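I sat down with this one over coffee and kept notes as I went. Here is what I looked up, entry by entry.

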Amino acid sequence: MRAVLLPLLMALALGAATAASAQSHGRLSVSVTGARNDSGSMRCGLYSSADGFREPGREMRGAVAQIKNGSATCLFSGVAAGTYAVAVFHAEHNETQMETGLFGKPKQGYGFSNNPSSIFGPASFNSAAFTYDSGTLHVPVQLSY
């Protein structure tokens with residue numbers, strides 16, 4: 001009987017620890033400002049590593065937000081502690097991927113967490129990265145056109 005009870009108790013304890021850990025996951029609120037109009041939507045991608053950063057479909061999680069008065073807020077719930085970066089673009093015609101023009105210059109407004117300069121090319125994961133511990137974190141992003 002004891003041989004059966006011990007694994008069961010261990011499994012229950014592990015399950016309780018996992019549930020407590022899941023509850024400690026929090027929320028990232030990405031507030032985007034500087035949209036030139038309220039057309040379309042704001043698309044935000046949350047990335048957890050440099051691998052695939054800024055590549056369509058490679059984000060850890062995506063969010064879409066409605067624009068009002070040139071601003072939008074993308075919400076990410078259930079986020080575990082870690083290092084992340086956010087990439088954002090203004091999908092004026094509700095497109096799902098950013099469109100680029102000559103020399104790869106974005107046709108829509110775009111931005112990144114930490115608002116790094118993009119004069120010499122797109123932001124790197126490291127320049128946009130931030131550490132998230134728990135609770136609610138507000139991440140401001142200013143669009144560039």
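**Entry 1: Arg54**

I began with Arg54, which counts as partly exposed at 37% relative accessibility. I found Arg54 in the loop between E2 and E3. A note to self before going on: this is a predicted model, and I read each value with that in mind.

I then checked the backbone of Arg54, where phi is near 75°, a positive value in a residue other than glycine. I stopped at that one, because most residues other than glycine have a negative phi.

**Entry 2: Asn69**

Which other residue did I note with a positive phi although it is not a glycine? Asn69 is the one I wrote down, with a phi of about 55°. I located Asn69 in the loop between E3 and E4. Is Asn69 buried or exposed? I looked up its relative accessible area, which is 67%, and so Asn69 counts as exposed.

**Entry 3: the chain as a whole**

I stepped back to see the layout. I counted two helices and eight strands in the protein chain. Reading from the N terminus, I get the order α-β-β-β-β-β-β-α-β-β.

The chain has 145 residues, and 34% of them count as buried. For the surface, I have about 8,600 Å² exposed, with carbon and sulfur atoms supplying 56% of that area.

I also looked at how far along the sequence the contacts reach. Taking contacts with a separation of 6 or more, I find that 70% are between residues 24 or more positions apart.

**Entry 4: the disulfide**

How many disulfides does a search of the whole structure find? I got one. As a reminder for my own page, a disulfide is a covalent bond between the sulfur atoms of two cysteines.

The partners here are Cys44 and Cys74, with 2.1 Å from S to S. I placed Cys44 in strand E2 and Cys74 in strand E4 (residues 71-79), so that the pair links distant parts of the chain, 30 residues apart. The link of Cys44 and Cys74 is right-handed, with 70° about the S-S bond.

Next I asked how much of each partner is accessible. Cys44 has a relative accessible area of 5% and is buried. Cys74 is buried too, with a relative accessible area of 1%. I put both in that class because the cut-off for buried is under 20%.

**Entry 5: the largest pocket**

I went looking for empty space next. Rolling a probe the size of a water molecule over the atoms shows where such space is left. The largest pocket holds about 690 Å³.

I listed 28 lining residues, and those nearest the centre of the pocket are Tyr47, Arg54, Ala87, Phe89 and Met98. It was nice to meet Arg54 again there. The elements that give two or more residues to this lining are strand E2 (41-47), strand E3 (61-66), strand E5 (82-91) and strand E6 (110-112). Which element gives the largest share? I found that E2 does, with four residues.

I sorted the lining by class as well, and got 13 nonpolar, 10 polar and five charged residues.

**Entry 6: two glycines and their far partners**

I looked up Gly26 in strand E1 (residues 26-33). Gly26 counts as buried, at 9% relative accessibility. Its C-alpha lies 5.7 Å from that of Thr136, although the two are 110 residues apart in sequence. Setting aside residues up to four places away in sequence, I see Gly26 touching Phe76, Ser77, Gly78, Val79, Tyr132 and Gly135.

Gly34 came next, in the loop between E1 and E2. This glycine is partly exposed, with 32% relative accessibility. I noted 7.5 Å between the C-alpha atoms of Gly34 and Ser144, which are 110 residues apart along the chain. Beyond its neighbours within four places in sequence, Gly34 is in contact with Gly70, Gln142, Leu143 and Tyr145.

**Entry 7: Pro122**

My last stop was Pro122, in the loop between E6 and helix H2 (125-128). Pro122 has a relative accessible area of 55% and is exposed. I also noted Lys105, 17 residues from Pro122 in sequence and 9.2 Å from it in space, C-alpha to C-alpha.

Key: Residues are numbered from 1 along each chain as its sequence is written. This is a predicted model: local features need pLDDT of at least 70, side-chain atom pairs count only at pLDDT 80 or more; totals for chains, interfaces and linings use all residues. Side-chain values use heavy atoms; hydrogens and water are left out. On a 1 Å grid over the protein atoms alone, a cavity is a set of points where a 1.4 Å probe fits but cannot get out, and a pocket is an open set with protein on both sides within 12 Å along at least five of seven lines; lining residues have an atom within 4 Å of a point. Grid points are joined across faces, edges and corners, and a volume is the space filled by probe spheres set on the points. Ala, Val, Leu, Ile, Met, Phe, Trp, Tyr, Cys and Pro count as nonpolar, Asp, Glu, Lys and Arg as charged, and the others, Gly among them, as polar. Buried means under 20% relative accessible area, exposed over 50%, partly exposed in between (1.4 Å probe, protein chains only). Contact means heavy atoms within 4.5 Å. Accessible areas come from the Shrake-Rupley method with a 1.4 Å probe; for residues, only the protein chains shown count as cover. A disulfide is a pair of cysteine sulfur atoms within 2.5 Å.
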